Amino acid sequence: MTRFITLFLLFFLTIISGFSQNRYFTKTGLISFSAGTAVEDVDAVNKSVTSVFDLTTGQIEFAVLIKGFEFKRGLMQEHFNENYMESEKYPKSAFKGKFDDVAKINFKKDGAYPTMVKGTLDIHNIKKEVSVPGTIKVENGVISSDATFKISLEDFEIKIPGAVKDKISPTVEIHVNCVYKVL
């Protein structure tokens, strides 16, 4: 009986490890954005982005805490959290989507593979369907994702007061970069 249980556990662990080989994860992804104008630079970065990517299905998810964005100036960070993003009320942002053509990506061969990901972007508790071009990179067995896209603050009901309207762009450029490890 003990031998049967040992064999069963080995079989079960082998199956689980086989499934996990197709799921990749990071807690150290990077999202940066630029929302400045000719009058002022408004740039921030968050280096604690969580993401899960399934190579088989092409499903990908991101989650980021809004308070994790760092600015060059503390006052700008304070205004971002309190006045614009209302991070106490809306503490995180997320994306859930799927790559269109994951079957065309050879995860065993080094290269940069242009792709398109479609899904739902949730910012400020507003969900919008988006389609974002990006690149999946494979280098020495390490998989990373990279994308740059723009969003409209108005689409996510983020209000810019008239006093700073000339300093903050109504369109924000977002850059996402994640390096994944096997889950």
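This tour goes through two pockets and then a set of salt bridges in a predicted model.

Begin by selecting Phe 33, Phe 69, Phe 80, Val 172 and Ile 174, which are the closest to the centre of the largest pocket among the 45 residues that line it; the volume of this pocket is about 840 Å³. Next, colour the helix α2 (74-84) and the strands β1 (23-36) and β9 (168-182), which are among the elements that each supply at least two residues of the lining, and note that α2 gives the most, with 6 residues. Colouring the lining by class shows 35 nonpolar, 6 polar and 4 charged residues.

Move on to the second largest pocket, with a volume of about 200 Å³, by selecting its lining residues, including Ser 152, Glu 154, Lys 159 and Pro 170. This lining has 5 nonpolar, 1 polar and 4 charged residues.

Now turn to the salt bridges, of which the whole structure has 5. Select Glu 40 and Arg 73, whose side chains meet at 2.3 Å, N to O; because Glu 40 lies in the loop between β1 and β2 and Arg 73 in the loop between β4 and α2, this pair ties together parts that are 33 residues apart in sequence. Glu 40 is buried, at 15% relative accessible area, whereas Arg 73 is partly exposed, at 46%. Add Lys 167 to the selection, and a network of salt bridges linking these three residues comes into view.

Finally, select Lys 67 and Glu 88, a salt bridge whose closest N and O atoms are 2.2 Å apart, and which links the β3-β4 loop with the α2-β5 loop.

Definitions and conventions:
Residues numbered from 1 in each chain as written. Predicted model: local features only at pLDDT ≥ 70, side-chain atom pairs only at ≥ 80, totals over all residues. Heavy atoms only, no water. 1 Å grid on protein atoms, 1.4 Å probe; cavity = no way out; pocket = protein on both sides within 12 Å on 5 of 7 lines; lining within 4 Å. Points joined across faces, edges and corners; volume = space filled by probe spheres on them. Helix = DSSP H or I, 4+ residues; strand = E, 2+ residues; numbered from the N terminus. Nonpolar A, V, L, I, M, F, W, Y, C, P; charged D, E, K, R; others polar. Salt bridge = Lys/Arg side-chain N within 4 Å of Asp/Glu carboxyl O. Buried < 20%, exposed > 50% of the residue type's maximum accessible area, 1.4 Å probe, protein only.
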